[in-house]
Amino acid sequence: MDGDIDKALKRTSAYYPKVLRDHSHVYFRLRCQKFVEMFRQTAEIWDSSSPTKSAKFFNDGSSANVETDHLEMDVDEPKAGAEDWDRMEMEEADTSVKYQELLEDTIQYGQVLKEEFRHDPNTAEAFKEIFSLFIYEDPRKSPHAHLLDRASRLPVAEELNSAILVSLGKRSSAAIELLYQQTELLVDMIGEEGGAGAFINVRNDFLR
């Protein structure tokens, strides 16, 4: 899964129409992952902004702090011309607008998502976890930063693949997945008490 959840939902609905209906938990996981992907894109836009911005990802939990610190320049450094400063200011303003727009879209999507599943008590913990990203000044340094790791896509993709296989009357685990599980188990056994396997991470070293 490349992070395009809309494409995954569309193709699954088109080619395997019963999967999302019969496996509502998979549908819910995909929708939550969509929220996470939007949140990650927001963070990436923030990272691409001017380093002169405040380090705060949020201001009052809902908007970007776009204040620019005053810079001190040594007299020996070449000074930027008026055109350069204008271009830099325009680029920073464009980035700020994109950030604000995507952040607002993410918040709105989260509200729609929560409303859609408001009657399902099994979603409470998942909502608590993904919405907690809004609590922290910089969610990428929070206890839930793992949600923003691209590796978080893999379990969701595995659940979707398993549901598709079941809908086709096949085993829920594909052969390659079984091989991965067996390999990971063997590596864990070899790595016990500091063995050679302790230096191997099957998921990170071979599946990313």
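Here a biologist and a modeller talk through a predicted model and the reasons behind its labels.

Biologist: Let's start with the rings. Why is the pair of Tyr-27 and Phe-117 called tilted?

Modeller: Their planes stand at 45°. Under 30 degrees would count as stacked and over 60 as edge-to-face. An angle of 45° fits neither label, so the pair is tilted.

Biologist: And what makes Tyr-27 and Phe-117 an aromatic pair to begin with?

Modeller: The ring centres are 6.0 Å apart, and the limit for pairing is 6.5 Å. Because 6.0 Å lies within that limit, the two rings pair.

Biologist: Which parts of the chain does this pair tie together?

Modeller: Tyr-27 lies in helix H3 and Phe-117 in the loop between H4 and H5, so the pair joins parts 90 residues apart in sequence.

Biologist: Why is Phe-117 called buried, while Tyr-27 is called partly exposed?

Modeller: Buried means under 20% relative accessible area. Phe-117 has 10%, so it is buried. Tyr-27 has 23%, which is not under 20% and not over 50%, so it is partly exposed.

Biologist: Now for Phe-28 and Phe-127: what makes that pair edge-to-face?

Modeller: There are 90° between the planes, and edge-to-face needs over 60, so the label follows. The distance is 5.4 Å centre to centre. Phe-28 lies in helix H3 and Phe-127 in helix H5, so this pair ties together parts 99 residues apart in sequence. Both Phe-28 and Phe-127 are buried.

Biologist: How many aromatic pairs does a search of the whole structure find?

Modeller: Eight. Ring pairs also link several residues into a cluster, including Phe-35, Phe-39, Phe-131 and Phe-134.

Biologist: Phe-35 sounds busy! Which residues does it touch?

Modeller: Leaving aside residues up to four places away in sequence, Phe-35 touches Thr-106, Tyr-109, Gly-110, Leu-113, Ile-130, Phe-131 and Phe-134. Phe-35 is also among the residues with the most contacts inside the largest nonpolar core, which has 19 residues. Helices H3, H4 and H5 each supply at least two residues of that core, and H3 gives the most, with seven.

Biologist: Last one: how do you know that the span of helix H6 is close to what is expected?

Modeller: Helix H6 has 15 residues. The expected span is 1.5 Å times one less than the number of residues, which means 21 Å for H6. From first C-alpha to last, H6 reaches 21 Å, close to that expectation. Just after H6, Gly-169 takes a positive phi of about 80°.

Technical notes. Residues are numbered from 1 along each chain as its sequence is written. This is a predicted model: local features need pLDDT of at least 70, side-chain atom pairs count only at pLDDT 80 or more; totals for chains, interfaces and linings use all residues. Side-chain values use heavy atoms; hydrogens and water are left out. A nonpolar core is a set of buried Ala, Val, Leu, Ile, Met, Phe, Trp, Tyr and Cys residues joined through side-chain atoms within 4.5 Å. Buried means under 20% relative accessible area, exposed over 50%, partly exposed in between (1.4 Å probe, protein chains only). Helices (H or I, at least four residues) and strands (E, at least two) are DSSP runs, numbered from the N terminus. Contact means heavy atoms within 4.5 Å.
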